[in-house]
Amino acid sequence: MDNNLDFGAQLYVKLFEVGGQPVYLTETVINTWIIIAVMAIIALVIRARMSKFKEVPESKLQTMLEMIVDTINNFVVTTMGPSGKKFAGYYGPLIFFIAICNLSGLLGFRPPTADFATTLAFALITFFMIHGFGVRSKGIGYFKGLLEPAPLLLPLNIIGELATPVSLSFRLFGNILGGTIIMGLVYAMFPKIVIFLGIPAALHTYFDVFAGVLQAFIFVMLSMTFVSSAME
């Protein structure tokens, strides 16, 4: 029961110290590496198979991959406009990566997205993309938007911009960690006979599958919206 109620990331190996504070190799890092390795292997296998692809699809794999690529391109273009198609190469893999991280709880892993450090890293990438592409699109005049509708609102506008990565990271982190905590409580409270009846399976379907995929979609959708708005 104690193991089920331990919702923090486990500390496995002490790596070094910074200012007297130890830095550990954590469960989140290890699980993230495992997911990256699995995705990399799948990508390499698909890349090897692509040498046999034809201009007109003849295999189910090629047909499926082309459908996925077209779906991602259409999704990005619909959200960000025709000029946003160049972002499909980033947001496509991102939504798959976040979704797989969220779904990893089905295999007994602690989802990396249940660690705030992971979701904050995703949100900070979005934050720098917003302002980086905003400046690239509009020049230094992009920052004039912080003075609108009145210069006196500059502090509030700055706080609003800084709130973007905070809200993005906490939304994803809170939903995934909440599901992890609820499932831990279920396994700790119910006897094994109830578990064998399949009651937790229904909860896993919601918290891991439905909520996991939905939160990946919401994060990417919001990220694309913020970046495209900054570029308009």
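**Figure 1. Two helices come together at a nonpolar surface patch.** In this predicted model, helix H1 (27-49) and helix H7 (199-231) each supply at least two residues of a nonpolar patch. The patch covers about 670 Å² of surface, and its members are Ile34, Val38, Ile42, Leu106, Leu107, Phe109, Val209 and Val213. Which helix gives the most to the patch? Helix H1 does, with three residues.

**Figure 2. Isoleucine 42, a patch member on helix H1.** Take a closer look at isoleucine 42, which lies in helix H1 and belongs to the nonpolar patch. Is this residue buried, partly exposed or exposed? Isoleucine 42 has a relative accessible area of 47%, so it counts as partly exposed, since that class runs between the cut-offs of 20% and 50%.

**Figure 3. The largest nonpolar core and its best-connected members.** Now let us move to the largest nonpolar core, which has 31 residues. Val76, Phe87, Tyr91 and Val227 touch the most other members. Two or more residues come from each of helix H2 (60-80), helix H3 (88-103), H4, helix H5 (154-189) and H7. The biggest share belongs to H3, which gives eight residues to this core. As a general background, nonpolar side chains tend to be buried together in soluble globular proteins.

**Figure 4. Helix H3, from end to end.** How far apart should the ends of H3 be? With 16 residues at 1.5 Å a residue, H3 should span 22 Å, and its end C-alpha atoms are indeed 22 Å apart. Try finding the buried residues of this helix: they are Ala88, Tyr91, Gly92, Leu94, Ile95, Phe97, Ile98, Ala99, Cys101 and Asn102. When you look for a pattern in such a list, remember that an α-helix has 3.6 residues a turn, so residues three or four places apart point the same way.

**Figure 5. Helix H4 and what happens at its two ends.** Helix H4 (residues 116-138) has 23 residues and reaches 32 Å from its first C-alpha to its last, close to the expected 33 Å. At the start of H4, a side-chain oxygen of aspartate 115 comes to within 3.0 Å of the backbone nitrogen of alanine 117. Just after the helix, glycine 139 takes a positive phi of about 80°. In between, the buried residues of H4 include Thr118, Phe122, Thr126, Ile130 and His131.

**Figure 6. Threonine 71 on helix H2.** Threonine 71 is found in helix H2. At 52% relative accessibility, threonine 71 counts as exposed, because the cut-off for that class is over 50%. What does its side chain reach? The side chain of threonine 71 reaches the backbone oxygen of methionine 67 at 2.7 Å. Follow the chain to glycine 105, 34 residues apart from threonine 71 in sequence, and the two C-alpha atoms are separated by 26 Å.

**Figure 7. Leucine 203 on helix H7.** Leucine 203 has its place in helix H7. With a relative accessible area of 27%, leucine 203 is partly exposed. Its C-alpha atom is separated by 28 Å from that of isoleucine 68, and the two residues are 135 residues apart along the chain.

**Figure 8. Stepping back to the whole chain.** How many helices and strands does the chain have? There are seven helices and two strands, and along the sequence they follow the pattern β-β-α-α-α-α-α-α-α. The C-alpha trace spans about 65 × 55 × 40 Å along its principal axes. Of the 232 residues in the chain, 33% are buried.

Methods
Residues numbered from 1 in each chain as written. Predicted model: local features only at pLDDT ≥ 70, side-chain atom pairs only at ≥ 80, totals over all residues. Heavy atoms only, no water. Patch = residues over 30% accessible without salt bridge, like charges linked within 9 Å, V, L, I, M, F, W, Y side chains within 5 Å. Areas by Shrake-Rupley, 256 points an atom, 1.4 Å probe, with all protein chains shown as cover. Salt bridge = Lys/Arg side-chain N within 4 Å of Asp/Glu carboxyl O. Helix = DSSP H or I, 4+ residues; strand = E, 2+ residues; numbered from the N terminus. Buried < 20%, exposed > 50% of the residue type's maximum accessible area, 1.4 Å probe, protein only. Expected span 1.5 Å × (residues − 1). Polar contact = N/O pair within 3.5 Å; in protein donor to acceptor, adjacent residues only side chain to side chain. Core = buried A, V, L, I, M, F, W, Y, C linked by side-chain atoms within 4.5 Å.
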